[in-house]
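Let's take a walk through this model together. We'll start at the ligand and then visit a spot elsewhere in the protein.

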Amino acid sequence: MSRFFNPSLSNLEPYMPGEQPQGQTFIKLNTNESPFSPSPLAVKAAAHEAARMNLYSDPACRDLLAMLADQLGVGSDQVFASNGSDEVLAFCFQGLCPNGAAFADLTYGFYPVFAQLYGIDAQVIPLRDDFSIDIAGYGAGNHTVFLANPNAPTGLALPRDAIALLLRANPNRLIVVDEAYVAFGAERALPLLSQYDNLLIIGTFSKSHGLAGARLGYAIGSKTVIEDLNRIKFSFNPYNVNRMTLAAGIGALQDQLYFEQCRQKIIAVRGRAIAALRNLGFVCTDSKANFIFATHPNHNANMLYLTLRENGILVRWLDVPRAKDYLRITVGTDAQMETLIAVLTDIIQ
Ligand SMILES: *Cc1c(COP(=O)(O)O)cnc(C)c1O
């Protein structure tokens with residue numbers, strides 16, 4: 001740390017992203033990316049925009065947001081686009097947590113980092129022993145609630161009714177539902193939006209649209225909360241989404257068939273991979289995400305992670321109290337998962 005660094009940030013512990021080795025030597029199942037390329041429409045549209053990089057992008061992200069709003073059945077003043085969903089989550093912590101933030105003890109690792117970065121009081125609500133979310137735990141207090149649904153790294157999803165209950169019981173508290181993985185089988189909160197102006201839904205093109213490297217996230221909420229997010233964005237970085245990414249997002253939204261095919265493939269491969277892992281003695285949660293959360297009663301998770309790595313397969317092992325006996329394994333292609341199962345079979349037998 002230099003002597004110029006702000007002392008109030010001296011304890012800041014940054015988010016630790018999964019490894020991104022450059023080059024294609026590893027089977028990469030560690031950061032929940034899609035194993036499929038983006039839609040050809042997205043690739044073509046982004047390439048076309050590259051020649052116009054001399055011009056700033058549209059700060060209002062008009063075309064993308066019009067199409068997104070149309071597909072979601074909400075007004076175009078109810079959506080907001082961001083540089084990955086991490087950016088809009090940061091805006092929520094910075095500007096929409098007047099009384100602090102409440103989130104689970106085992107959830108997306110960025111929530112505590114943002115709380116620290118912005119000096120937000122964090123109320124940590126433990127998951128139950130089976131990793132399910134106890135909605136009753138969010139009953140006390142006036143902190144802004146952050147729920148990842150499905151949750152990461154557990155993959156467990158809350159039913160829409162549970163979120164409705166929380167929204168109804170807390171009309172003066174913003175409930176942020178992070179739906180990064182919702183395309184893979186959880187119930188969307190979207191139908192609740194017309195009844196509850198305290199709901200803000202966060203989405204991303206990273207996991208289900210194969211655009212992790214493009215950085216495109218969004219929020220869906222009431223008009224006034226979207227105005228608040230714009231107030232922050234226009235005080236920080238008006239051109240937060242670049243031209244190629246805006247075009248890629250439109251291309252991806254136009255190709256509903258491709259999205260549906262990729263999503264269905266991941267769900268099918270997940271089912272087969274969980275069955276094969278259980279066959280090897282692993283205990284897996286009922287994941288509704290594009291990753292599997294698995295533990296083995298007779299094998300140390302860190303040892304499994306390291307041995308897989310030596311064999312050219314990257315999975316995620318999280319050095320946090322409640323997850324350290326588990327591996328988080330991104331659902332890849334059938335071929336990738338077959339290799340994973342073959343290597344694990346060798347290790348275990
Ligand atoms: C991956 C992830 C995000 C962030 O994704 P972006 O690539 O920044 O859009 C947000 N929330 C959860 C729960 C995630 O797992």
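Look for Arg 215: a polar atom (N or O) of its side chain sits 2.7 Å from an oxygen atom of the ligand, a polar contact, meaning a pair of N or O atoms within 3.5 Å. On its own the ligand would expose 390 Å², and the protein buries 93% of that (areas by the Shrake-Rupley method with a 1.4 Å probe). Keep in mind that this is a predicted model, where local features need pLDDT of at least 70 and side-chain atom pairs count only at pLDDT 80 or more, while totals for chains, interfaces and linings use all residues. Residues are numbered from 1 along each chain as its sequence is written, and side-chain values use heavy atoms, leaving out hydrogens and water.

Two further side chains are worth finding. An N or O atom of Lys 207 is 3.1 Å from a ligand oxygen, and one of Asp 178 is 2.6 Å from a ligand nitrogen. The residues surrounding the ligand (a heavy atom within 4 Å) also include Tyr 108 and Thr 204. Helix H3, residues 84-95, gives the largest share of this shell, 4 residues (helices are DSSP runs of H or I, at least four residues; strands are E, at least two).

Now hop over to Asn 30, in the loop between strand S1 (27-28) and helix H1 (40-50). Is Asn 30 buried or exposed? Asn 30 is buried, because its relative accessible area is 2%, and buried means under 20%. A polar atom of its side chain lies 2.9 Å from the backbone oxygen of Glu 19.

Definitions and conventions
A polar contact is a pair of N or O atoms within 3.5 Å; within protein, one must be able to donate a hydrogen and the other to accept it, and residues adjacent in sequence count only if both atoms are side-chain atoms. Buried means under 20% relative accessible area, exposed over 50%, partly exposed in between (1.4 Å probe, protein chains only).
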